[in-house]
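The exercises below concern the packing and the open space of a single protein chain, and each is followed by a worked solution. Please look at the structure before reading on.

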Amino acid sequence: MYKIGEKIIYGQIGVCQVVDVCYKEFIKNKKQEYYILKPIFDENNKIYAPTTNSKIFMRSLISKKEAEDLIIKIPSIIEKTADLQESTKEEYIEKINNHTLENLVELTAFIYTKKKIICKDKKRLNNIDEKYMKIGENLLFGELAAVLDIPLCDVQKYIESRLKK
C-alpha cells in the first residue's frame with residue numbers, strides 16, 4: 001500500500017502523488033478503498049484509483065541513483081536501437097506497458113532516430129510514431145524530473161549535460 005505524500009507511477013498518466021486514501025461508493029452497494037492521486041504535471045486533475053487495482057499499472061518511482069545510472073546507460077541503449085528495423089504499434093504499446101524506463105529510452109530513441117532519417121527526405125513521422133514518442137517522452141521525462149527534482153522542461157538538457165562529462 002502506498003503512503004500519503006508518496007509519488008508513484010500510474011499507468012500512462014505518469015507521476016502522481018498520493019494525496020489521500022478514502023472509501024467511496026462509486027458503484028451502488030460497493031464501497032471500496034481508493035487512492036486519491038494528483039498527477040504532478042496536471043494540477044487540475046484528480047484520480048480515484050482502487051487500492052486493489054489490478055487493471056492500471058502502479059509502482060513506486062525509481063531512486064535518484066537508479067535515475068543517474070539509467071542516464072549513464074542511455075548511449076548504449078541508443079546504440080542497441082540503431083540496428084532495429086521498423087516497429088509496429090503493438091511493439092510500441094508493449095514497450096510502454098512494460099513500464100521500465102529502459103524500454104522508454106529504447107522506444108523514444110528508436111523513433112527519434114527514425115525521425116532524423118526521414119527528415120532528411122523532407123518527410124514527417126506518421127501519427128502513430130508521433131503519438132508513441134510523445135507518450136514515451138512524457139513518461140520517461142516525467143519520472144526523471146520527479147526523481148531528480150528538476151523541472152520537466154530541463155530534463156533533456158540535464159541528460160545531455162550528464163552525458164558530456
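**Exercise 1.** In this predicted model, determine how the lining of the largest pocket divides by residue class, and which helices supply it.

*Solution.* Begin with the classes: the lining of the largest pocket has nine nonpolar, three polar and three charged residues. Next, place the lining on the secondary structure, where α1, α3, α4 and α5 each supply at least two of its residues, and where the largest share, six residues, comes from α3. Then consider the space itself, which amounts to about 390 Å³ in the largest pocket. Of the 15 residues that line this pocket, the closest to its centre are Ile 74, Ile 78, Tyr 112, Phe 141 and Gln 156.

**Exercise 2.** Identify the residues with the most contacts inside the largest nonpolar core, and find which helix gives this core its largest share.

*Solution.* The largest nonpolar core has 29 residues, and those with the most contacts inside it are Ile 111, Leu 140 and Leu 144. Assigning the core to helices, one finds that α1 (64-81), α2 (89-98), α3 (101-120), α4 (127-148) and α5 (155-164) each supply at least two residues, while the largest share, ten residues, comes from α4.

**Exercise 3.** List what Leu 140 touches beyond four places away in sequence, and then look for a second core.

*Solution.* Leaving out residues up to four places away in sequence, Leu 140 touches Leu 70, Leu 101, Leu 104, Val 105 and Thr 108. A second core, separate and made of ten residues, has Tyr 2, Ile 8, Tyr 10 and Ala 49 among them.

Note on methods. Residues are numbered from 1 along each chain as its sequence is written. This is a predicted model: local features need pLDDT of at least 70, side-chain atom pairs count only at pLDDT 80 or more; totals for chains, interfaces and linings use all residues. Side-chain values use heavy atoms; hydrogens and water are left out. A nonpolar core is a set of buried Ala, Val, Leu, Ile, Met, Phe, Trp, Tyr and Cys residues joined through side-chain atoms within 4.5 Å. Buried means under 20% relative accessible area, exposed over 50%, partly exposed in between (1.4 Å probe, protein chains only). Helices (H or I, at least four residues) and strands (E, at least two) are DSSP runs, numbered from the N terminus. Contact means heavy atoms within 4.5 Å. On a 1 Å grid over the protein atoms alone, a cavity is a set of points where a 1.4 Å probe fits but cannot get out, and a pocket is an open set with protein on both sides within 12 Å along at least five of seven lines; lining residues have an atom within 4 Å of a point. Grid points are joined across faces, edges and corners, and a volume is the space filled by probe spheres set on the points. Ala, Val, Leu, Ile, Met, Phe, Trp, Tyr, Cys and Pro count as nonpolar, Asp, Glu, Lys and Arg as charged, and the others, Gly among them, as polar.
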